[in-house]
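Trainee: Please take me through this model, one question at a time.

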Amino acid sequence: MPRSRPRLKSALSQRSAKRPGTRAPKNPYWRSSCPLNASVEILGDRWSLLIVRDMMLRGFHSYKEFLDSYEGIATNILADRLRKLETYGIIETKKDSADGRKIIYLLTPKGMDLAPVLTEMVLWAAAHEDTENHALIRQIQADKEKFLSAIRQRWEQQSRASFAGS
């Protein structure tokens, strides 16, 4: 009988003792300790990278914005992926300063470190598949470092503005 995978909450309890600036302990629920496996375990589902993309490129911060994205994610899947991304430190949540009942989602520095990875994935897909958004592809191809710098700069401004209202 295959062993069942524990809930994400179990992994979260282990991570809660983590000090800032240190690496997370090896997750005992992963299939192996291979770095690629760790990436796949955290980000390898159909939706997680699309959520991160929407945060980086489209500036999405609210549940409704993610829900209205054109890929059409279901509400239960969205809630699960947001929780998972928060558990692994890719995103964080805070209350909206304008409406304390509303939660906003923000990329963490760890989440922003995915920008070069997503950029390379876009370029790879553009080279090998029939994709759209040629303007984005041309922008990246023209000056990848400038593109990444603009994303990071926008994120830093959003982060400052988000925490200034706290």
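**Cavities, a helix face and two residues**

Trainee: About 80 Å³ of space lies in the second largest cavity (a set of points on a 1 Å grid over the protein atoms alone where a 1.4 Å probe fits but cannot get out; points are joined across faces, edges and corners, and the volume is that filled by probe spheres set on them). Which element gives the most to its lining?

Mentor: This is a predicted model, where local features need pLDDT of at least 70 and side-chain atom pairs pLDDT 80 or more, while totals for chains, interfaces and linings use all residues. Residues are numbered from 1 along each chain as its sequence is written, and side-chain values use heavy atoms, without hydrogens or water. The lining (residues with an atom within 4 Å of a point) includes Trp47, Leu50, Ile51, Arg53 and Asp54. With 4 residues, the most comes from α3 (helices are DSSP runs of H or I, at least four residues, and strands of E, at least two, numbered from the N terminus).

Trainee: Which element gives the largest share of the lining of the largest cavity?

Mentor: The largest cavity has a volume of about 90 Å³, and its lining includes Met55, Leu106, Ile151, Arg154 and Trp155. Elements giving two or more residues to this lining are α3 (48–57), β2 (103–107) and α9 (144–164). The largest share, 5 residues, is that of α9.

Trainee: Within what arc do the buried residues of α8 fall?

Mentor: In α8 (residues 134–142), the buried residues (under 20% relative accessible area, with a 1.4 Å probe and protein chains only) are Leu136, Ile137 and Ile140. They line one face of the helix, because their arc, taken from the directions from the helix axis to the C-beta atoms, is limited. On the other side, Arg138 and Ala142 are exposed (over 50%). Seen down the axis, the buried residues fall within an arc of 100°.

Trainee: Is Arg81 buried or exposed?

Mentor: Arg81 lies in helix α5 (residues 75–87). Beyond neighbours within four places in sequence, Arg81 is in contact (heavy atoms within 4.5 Å) with Asp45, Trp47, Ser48 and Ile51. Its relative accessible area is 15%, so Arg81 counts as buried.

Trainee: How far apart in space are Tyr29 and Glu41?

Mentor: Tyr29 lies in the loop between α1 (8–15) and α2 (35–43). Its relative accessible area is 27%, so Tyr29 is partly exposed (between the 20% and 50% cut-offs). Tyr29 and Glu41 are 12 residues apart in sequence, and their C-alpha to C-alpha distance is 9.5 Å.

Technical notes
On a 1 Å grid over the protein atoms alone, a cavity is a set of points where a 1.4 Å probe fits but cannot get out, and a pocket is an open set with protein on both sides within 12 Å along at least five of seven lines; lining residues have an atom within 4 Å of a point.
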